[in-house]
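This briefing covers helix packing, burial and salt bridges. Please read it alongside the sequence and structure shown here.

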Amino acid sequence: MLLCVSASHKTASFELLERLSAPRTPVAPLIAAHDECVQGAVVVATCNRFEAYVDMDEPVTAAVALGIEATLAAIEAATGVPASELEGGYTVLGGNEVAEHLFSVASGLESVVVGEGEIAGQVRRALTESRNLGTTSAELERLFQRASEAQRGVKNSTAIGRAGRSLVRLGLELADSRIADWSTQRVLLVGTGAYAAATVAALRDQGAEDISVHSPSGRATKFALKHGLRAVSAETFPTAVAHADLVITCTTAEHHVLSAATFAAGRGAYETAVDTSTGTCPVDHTARRLVIDLGLPRNVDPDVATVRGVDLLDLETIRLHAPLEELQATDTARDLVRDAARRFTSVGERKNITPAVVALRAHVFGVLDAEVARVRARGDEGGQTEQALRHLVGVLLHTPTTRAHVLAEAGRADDYVDALSALFGIEVTDPSLAPGARVEGGIADAG
């Protein structure tokens, strides 16, 4: 069966999510190695959520409890966050709920800002990473592939992507009320990843022209050339910070890249550069400056909020300011996700019933073969009786096979198995018939 342990912006603080987002070692292999009943694990970790999707061997007693135990133990080992601290900060989904949840996540329906597009790529990368780590399973592969299909369906069939806004754009919109003319703003971007590229595009859409970039990892020059920006070196970074009207950080660094000390160092450098002939300083210390921290873990030390003339806007604040209408998914998008989840479950249930149908066919055709052998022994060399019997069996099996499909899709596979036992004495011992388990291959043709 499938299991999802989810901590998101809806259930956990950003401080907790920040700690979960910086594991010392990959979490999925630790989950998979916890117990032999764990068939596979995929971990989706973004700035707003940490989710472990686990494939459990259903026949095992207390599979759900074992899956949760494996996940919490892996989280503690990889991040240092004990289960006691996670209590109340996560939810557990099982069975059919898992598909609908992941499809909603991939479609941007569970994001801080509904419809943001970054999450779809993050879900795909989570599957790729687990493949590389060797922790996927056939059912997890099917789950995540169908999630990508559902996301594309929502994107192509609804306006949810246009209605929603990314965290970057929402942050800039919150800043917009205090900026009269974006073309006059000196903007410093810290980071060169995917968020940085999206930030550059969003800034230019707002009208920003004076944009420079700094990379704590030393990739500023290459990024600046690609996007037509100015690169800022480590030596001049504090000065650039003090000079900027707007600083936006979006790195994956596990330490603060900006602090009150950075501002102090930058302003000190400017004081040294005072024009002695005029006695003026090129920095206007009276102007309000804004720092937007889009990083998780946090890129900006909270002490920046104590710097005179500087306001700090972080992910927590952005989430609180997300417009109510942005937090509501359209009915159409939700319906598409539910339909996709039902189809996912339906296919799984059809696979689950396969051993029972195969067992019924084996039983019936076994009886048929014995009867055909008896008829042949009595001299039916023409084969007409055999042909008639085989046709009759095919007709008789059609309805039980169709009912198997219907009952499986309704979650009543066990009723079908019980009926076979009661009517024909057929015992289906394949453990894959347990609810939520996997069976490879399709149902055999009844004819």
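Helices α9 and α10 are oblique to each other, because angles under 35 degrees count as roughly parallel, over 145 as roughly antiparallel, 65 to 115 as roughly perpendicular and the rest as oblique. Their axes come within 9 Å and cross at roughly 40 degrees. The model is predicted: local features need pLDDT of at least 70, side-chain atom pairs count only at pLDDT 80 or more, and totals for chains, interfaces and linings use all residues. Residues are numbered from 1 along each chain as its sequence is written, and side-chain values use heavy atoms, with hydrogens and water left out.

**Packing of α9 and α10**

- Helix α9 covers residues 167-176 and helix α10 residues 194-206; helices (H or I, at least four residues) and strands (E, at least two) are DSSP runs, numbered from the N terminus.
- Axes are lines fitted to C-alpha atoms, for helices over the stretch in contact, and angles run from 0 to 180 degrees between N-to-C directions.
- The crossing of α9 past α10 is right-handed (the near helix is turned clockwise from the far one by less than a right angle; anticlockwise would be left-handed).
- On the α9 side, the contact (heavy atoms within 4.5 Å) includes Leu167, Val168, Arg169, Leu172, Glu173 and Asp176.
- On the α10 side, the contact residues include Tyr195, Ala198, Thr199, Ala201, Ala202, Leu203, Asp205 and Gln206.
- By class, the contact of α9 with α10 has eight nonpolar, two polar and four charged residues; Ala, Val, Leu, Ile, Met, Phe, Trp, Tyr, Cys and Pro count as nonpolar, Asp, Glu, Lys and Arg as charged, and the others, Gly among them, as polar.

**Packing of α5 and α7**

- Helix α5 (residues 96-106) packs on helix α7 (residues 138-157) at an angle of about 50 degrees, and the axes are 8 Å apart.
- The two helices α5 and α7 are therefore oblique to each other, and α5 passes α7 in a right-handed crossing.
- Val98, Ala99, Leu102, Phe103 and Ala106 of α5 make the contact with Leu143, Phe144, Arg146, Ala147, Ala150 and Gln151 of α7.
- This contact of α5 with α7 divides into nine nonpolar, one polar and one charged residues.

**Burial of α5**

- Eight of the 11 residues of α5 are buried, so α5 is largely enclosed by the rest of the structure; buried means under 20% relative accessible area, exposed over 50%, partly exposed in between (1.4 Å probe, protein chains only).
- The buried residues of α5 are Val98, Ala99, His101, Leu102, Phe103, Ser104, Val105 and Ala106.
- Gly108, just after α5, has a positive phi of about 85 degrees.

**Salt bridges**

- The count is 16 salt bridges, each a side-chain nitrogen of Lys or Arg within 4 Å of a carboxyl oxygen of Asp or Glu.
- Arg334 and Glu110 form a salt bridge at 2.9 Å, N to O.
- This pair links distant parts of the chain, with Arg334 in helix α15 (residues 331-377) and Glu110 in the loop between α5 and α6 (118-133), 224 residues apart.
- Arg334 is partly exposed at 24% relative accessibility, whereas Glu110 is buried at 11%.
- Glu139 and Arg142 form a salt bridge, with the closest N and O atoms 3.1 Å apart.
- Both Glu139 and Arg142 lie in helix α7, three residues apart, about one turn of the helix, and both are buried.
- Lys10, Glu110 and Arg334 are joined into one network by salt bridges that share partners.
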